[in-house]
Amino acid sequence: MSGYEPLNKLKYVADGVWIVDGPSIRFYGLPFSTRMTIIRLPNGDLWLHSPTKLLPGLRDEVAALGRVAHLIAPNWIHYAYIAEWAAAFPESTAWAAPGVRERSTKMGMEACFDHDLETDPPLEWASTISQMIVSGSKIHRETVFFHHPSQTLILTDLIENFETEKIPLWMRPLAWFAGILDPDGQQPFDMRLTFKKGKIEFAKDVRRMIEWRPERVILAHGRWYVKDGVAELKRAFRWAL
C-alpha cells in the first residue's frame with residue numbers, strides 16, 4: 001500500500017498525459033511511494049518517465065494507449081524497473097540521466113540503456129517536451145522535463161511532498177526534519193546540502209522552470225501539484241531563490 005490507491009492503474013492528468021501510482025519501495029529503510037508519468041507524443045508513441053513496477057494488467061493498459069517507445073531514467077536512483085519494461089517492449093529505447101549507468105552497475109543490476117539524456121531534448125520529443133539537467137550538484141544530477149501542450153512540469157526527487165496520514169507514524173519526524181512533509185514539501189535536506197556550493201547555478205535552473213509557467217507539477221513521491229505550479233516552485237525552492 002502506498003496511500004495513492006488504486007495502484008498500478010492509469011490515471012488521467014490532461015490530454016495526452018497520465019500517471020501511474022506504483023507500490024512503495026524501500027530507500028535507506030524508508031517506504032517511498034512511487035509514481036510514473038506517461039506522455040503520448042504527437043506521433044502516438046508513448047514516453048514513460050520513471051517507470052514503476054511492471055505488472056501484467058498495467059502492461060496491457062499502457063500498451064492500449066500506444067507504442068511504448070521511450071523509457072526514461074531521470075536520475076541516479078530512478079532506474080530500478082527500466083529493464084523489466086525494456087524486456088516487455090523490446091522496440092523501446094531506454095534513456096539514462098547522468099550517473100544512472102554507474103549506479104546501476106554498482107548495484108549489480110543489468111545495464112540496459114541505449115542513450116544518455118543531455119541538456120537539450122532529442123529530436124524524438126523536442127517539439128513537445130523541453131528538458132534540462134539541473135546544475136549545482138556533483139551528486140544529484142536530475143533531468144527535468146516540461147510538456148508544453150499540457151503545461152506540465154515533471155520532477156523526480158527535487159521536490160518530495162509526503163502527506164502525514166499516508167506515511168508511518170515513526171517516519172513522520174524524519175520527514176519533517178528532511179523538509180519533505182506536505183503542505184511544505186521541498187528538496188530533501190541531505191540533497192540540498194549537495195547543492196550548497198552550486199546554489200547560484202541551481203537557482204538559474206529553478207528560474208528557468210518558473211519561466212516555463214507550469215500549470216501543474218508532477219512529483220515521484222507524495223502529493224503532486226494539480227494547480228498553482230509556479231507558486232509551488234517558488235515556495236519549495238525559496239532557499240535557493
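**Histidine 70, an open sheet and two nonpolar cores**

In this predicted model, histidine 70 touches Leu41, Leu46, Trp47, Leu48, Thr93, Trp95, Glu124 and Trp125, when residues up to four places away in sequence are not counted. Histidine 70 belongs to strand 5, which covers residues 68–73. The relative accessible area of histidine 70 is 7%, so this residue is buried, since the limit for a buried residue is under 20%. One of the residues touched, tryptophan 95, also forms a polar contact with histidine 70: the two side chains meet at 3.2 Å.

We turn next to a sheet. Four strands form an open sheet in the order 8-9-10-11, and their pairing is mixed. Strand 8 (129–133) and strand 11 (216–218) are the edge strands, each pairing on one side only. On average, neighbouring strands of this sheet are turned by 20 degrees against each other, direction ignored. Strand 10 (residues 152–154) and strand 11 run parallel and are joined by three bridges. Across this pair, isoleucine 154 stands opposite isoleucine 218 of strand 11. A helix accompanies the sheet: helix 6 (residues 199–211) lies across strand 8, strand 9 (143–147) and strand 10, and runs at about 170 degrees to strand 8.

The nonpolar cores come next. The largest nonpolar core has 68 residues, of which Ile38, Trp85, Leu155, Leu158 and Met209 touch the most other members. Helix 6 supplies the largest share of this core, with five residues. A second, separate core consists of eight residues, including Phe32, Met171, Ala175 and Ile180. As for leucine 158, its contacts beyond four places in sequence include Val134, Val144, Met191, Phe195, Phe202, Met209 and Phe237. Polar residues are also among the contacts of leucine 158, including His140, Glu142, Gln186 and Gln187.

The last residue to consider is aspartate 157, found in the loop between strand 10 and helix 4 (172–178). Why does aspartate 157 count as buried? Its relative accessible area is 2%, and a residue is called buried when this value is under 20%. Apart from residues up to four places away in sequence, aspartate 157 touches Asn75, Ile77, His78, His140, Glu142, Pro188, Met191 and His221. With asparagine 75 there is in addition a polar contact between the two side chains, at 2.9 Å. Aspartate 157 can also be placed relative to leucine 233: the two are 76 residues apart in sequence, and their C-alpha atoms are 13 Å apart in space.

Definitions and conventions:
Residues are numbered from 1 along each chain as its sequence is written. This is a predicted model: local features need pLDDT of at least 70, side-chain atom pairs count only at pLDDT 80 or more; totals for chains, interfaces and linings use all residues. Side-chain values use heavy atoms; hydrogens and water are left out. Helices (H or I, at least four residues) and strands (E, at least two) are DSSP runs, numbered from the N terminus. Buried means under 20% relative accessible area, exposed over 50%, partly exposed in between (1.4 Å probe, protein chains only). A polar contact is a pair of N or O atoms within 3.5 Å; within protein, one must be able to donate a hydrogen and the other to accept it, and residues adjacent in sequence count only if both atoms are side-chain atoms. Contact means heavy atoms within 4.5 Å. Two strands pair if DSSP finds at least two bridges between them. Axes are lines fitted to C-alpha atoms, for helices over the stretch in contact, and angles run from 0 to 180 degrees between N-to-C directions. A nonpolar core is a set of buried Ala, Val, Leu, Ile, Met, Phe, Trp, Tyr and Cys residues joined through side-chain atoms within 4.5 Å.
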